Amino acid sequence: MDLAILAALIMLGGVVFFLIIGTPISISVGISSFAAMLVILPMKGAMLTSAQRMFVGLDSFALLAIPFFILAGNIMNNGGIAIRLINFSKIISGFFPGSLAQTNVVSNMLFGSISGSGVASAAAVGGIMSPIQKKEGYDPAFSTAVNIASAPTGMLIPPSNTLIVYATVAGSVSISALFMGGYLPGILWGVGVMIVAGIMAKRRGYLARHRMTLAECGKVAIDAIPSLSLIVVVIGGILGGIFTATEASAIAVVYSLFLSGCYRSLDFKTLPQIFLNTAKMSAIVIFMLATSSIMSWVMAFTQIPGMIADSLLSLTDNPIIILLIINIVLLFVGTFMDPTPAVLIFTPIFLPICMGLGMDPVQFGILLVFNLSLGTITPPVGPILFTGCKVSGVSIDSVIKTLLPFFFVIFLVLMMVTYIPAISMAIPQAMGLVG
């Protein structure tokens with residue numbers, strides 16, 4: 001057997017084996033990749049190459065944005081920003097059937113776009129909205145399903161840590177273009193959830209019970225302006241060339257601290273714990289990036305992406321079918337693997353195939369993150385699914401049935417993103433960020 005094929009089998013088989021026995025994904029990838037490297041190189045060479053690849057994989061200024069955006073999200077989660085965004089969301093969604101559920105969706109879109117974390121949105125917004133909806137007579141399973149289904153929109157609407165990781169792995173892909181490309185898909189996801197929630201709410205009799213007066217709307221809007229300004233500062237600064245995405249992440253931290261201090265909602269005695277939690281979350285992501293760099297080297301050496309591409313093309317040369325197969329694979333992967341390692345592993349495999357079909361790397365990045373975001377709300381892993389259920393105190397079994405209509409409409413949006421390039425590319429092209 002060819003050594004390259006043997007190394008590929010050892011690496012892929014090792015990852016599957018270690019995941020089955022419950023080994024953390026970063027350890028699974030690292031050990032399996034090193035074992036595969038031993039087939040290709042002598043022990044000393046394998047050790048030196050592994051260490052080198054880990055350092056090279058982290059040698060990126062753009063990656064500094066990840067811990068800063070995680071810190072900014074943790075500060076926002078504790079700094080009174082969520083409640084102001086929820087109040088502002090009532091202006092937009094308060095007139096629709098199931099107004100509280102609609103407010104939950106809009107709040108997740110706003111908070112997620114600021115914090116960049118679907119899990120943080122599910123926890124912060126769900127923690128506030130669930131008791132209110134329960135008091136108004138909403139079925140807890142319904143309100144929890146709405147919160148879970150809409151929380152991942154923040155992984156597409158910028159700033160998004162997952163898109164930053166993709167830009168790093170894919171190479172010469174503009175983070176600004178990816179950020180702009182995520183707006184329409186993220187908004188369409190949210191609108192789709194709002195439509196389903198509205199239909200279900202109308203059937204259940206959850207109507208708008210309190211309409212805000214013009215004066216109330218004005219007061220709430222003014223109160224929310226400082227929080228909403230963070231989006232303008234971060235995204236506007238990046239697009240205007242005032243600062244990079246990494247510098248924007250640091251500015252987001254400073255702005256969040258300043259805003260939380262002005263709101264007097266953050267106990268600054270909790271900052272050490274917030275910093276510690278941020279360090280832990282960042283370490284997990286960064287170590288995952290390091291070990292995945294070893295895997296990327298082995299895949300490049302063994303030409304695994306080329307073999308998979310040849311296998312796909314041997315099945316069919318129809319682009320529609322190939323893209324559908326890629327979606328199915330990514331959806332399956334997303335059900336048991338976190339988005340970050342999945343991006344690291346599958347970008348070098350599927351990006352060349354999609355580019356060969358004429359797809360722009362920006363569109364593929366949005367397609368990839370969309371698929372993996374959907375995986376965050378599906379069992380057996382589903383971090384947003386578990387977080388949403390934990391926050392509302394509802395069992396996963398009772399929520400899954402209610403989530404099914406939401407899954408259907410989100411999948412329809414995914415198909416639109418896959419086969420209609422303009423959904424991902426219109427804004428970046430209009431702004432001159434891509435050709």
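**Legends to the close-up views**

**View A. D338 and its contacts.** Apart from neighbours within four places in sequence, D338 is in contact with V381 and P383. The model shown here, as in the other views, is predicted. D338 belongs to the loop that joins α16 (319–334) to α17 (339–356). With a relative accessible area of 34%, D338 is partly exposed, because the partly exposed class runs between 20% and 50%. The chain places D338 and G192 146 residues apart, and their C-alpha atoms are separated by 24 Å.

**View B. The protein as a whole, the setting for the other views.** The secondary structure consists of 21 helices and zero strands. The radius of gyration is 22 Å, close to the 22 Å that the globule rule gives for 435 residues, so the protein is as compact as a globular protein of that length. Along the principal axes, the C-alpha atoms fill a box of roughly 75 × 45 × 45 Å. Of the 435 residues, 54% count as buried. The exposed area is about 18,000 Å², and carbon and sulfur atoms supply 71% of it. Among contacts between residues at least 6 apart in sequence, 79% join residues at least 24 apart. The protein carries 17 positive and 13 negative side chains, and the centres of these two sets lie 16 Å apart.

**View C. The largest nonpolar core and F350.** The largest nonpolar core has 144 residues. Those that touch the most other members are F142, F346, F350, F364, L403, F406 and I410. One of them, F350, can be followed in detail: when residues up to four places away in sequence are not counted, F350 touches I308, L312, I326, V329, L330 and F364. F364 thus appears twice, as a contact of F350 and in the list of core residues that touch the most other members.

**View D. Helix α19 and the helices around it.** Helix α19 covers residues 383–392, and its buried residues are I384, L385, T387, G388 and C389. An α-helix has 3.6 residues a turn, so residues three or four places apart point the same way. The buried residues of α19 pack against α7 (118–135), α8 and α20 (396–419). After the helix comes G393, which has a positive phi, near 75°.

**View E. T387 and S392, two residues of α19.** Which residues does T387 touch, not counting those up to four places away in sequence? They are V119, A122 and A123. T387 lies in α19 and has a relative accessible area of 18%, so it counts as buried; the cut-off for that class is under 20%. T387 and G118 are 269 residues apart in sequence, but their C-alpha atoms are 9.8 Å apart in space. S392 is also found in α19. Is S392 buried or partly exposed? Its relative accessibility is 22%, and S392 therefore counts as partly exposed. Leaving aside neighbours within four places in sequence, S392 is in contact with S130 and T144. From S392 to G261 the C-alpha distance is 28 Å, with their positions 131 residues apart in sequence.

**View F. S150 in helix α8.** S150 is found in helix α8, which is formed by residues 140–150. S150 is buried, and its relative accessible area is 0%. Beyond its neighbours within four places in sequence, S150 is in contact with N104, V105, N108 and V193.

**View G. Q102 in helix α6.** Helix α6 spans residues 99–115 and contains Q102. The relative accessibility of Q102 is 2%, so Q102 counts as buried. If its neighbours within four places in sequence are left aside, Q102 is in contact with S93, F96, P97, M194, A197 and G198.

**View H. Helix α21 and its cover.** The buried residues of helix α21 (residues 422–430) are I423, S424, M425 and P428. What covers these buried residues includes α10 (175–181), α11 (183–204), α18 (361–375) and α20. Helix α20 is also among the helices against which the buried residues of α19 pack. G432 follows α21 and has a positive phi, near 70°.

Terms used. Residues are numbered from 1 along each chain as its sequence is written. This is a predicted model: local features need pLDDT of at least 70, side-chain atom pairs count only at pLDDT 80 or more; totals for chains, interfaces and linings use all residues. Side-chain values use heavy atoms; hydrogens and water are left out. Helices (H or I, at least four residues) and strands (E, at least two) are DSSP runs, numbered from the N terminus. The radius of gyration is taken over C-alpha atoms; the globule rule is 2.2 Å times the number of residues to the power 0.38. Buried means under 20% relative accessible area, exposed over 50%, partly exposed in between (1.4 Å probe, protein chains only). Contact means heavy atoms within 4.5 Å. Accessible areas come from the Shrake-Rupley method with a 1.4 Å probe; for residues, only the protein chains shown count as cover. Lys and Arg count as positive and Asp and Glu as negative; His and the chain ends are not counted. The place of a charge is taken as NZ of Lys, CZ of Arg, CG of Asp or CD of Glu. A nonpolar core is a set of buried Ala, Val, Leu, Ile, Met, Phe, Trp, Tyr and Cys residues joined through side-chain atoms within 4.5 Å.
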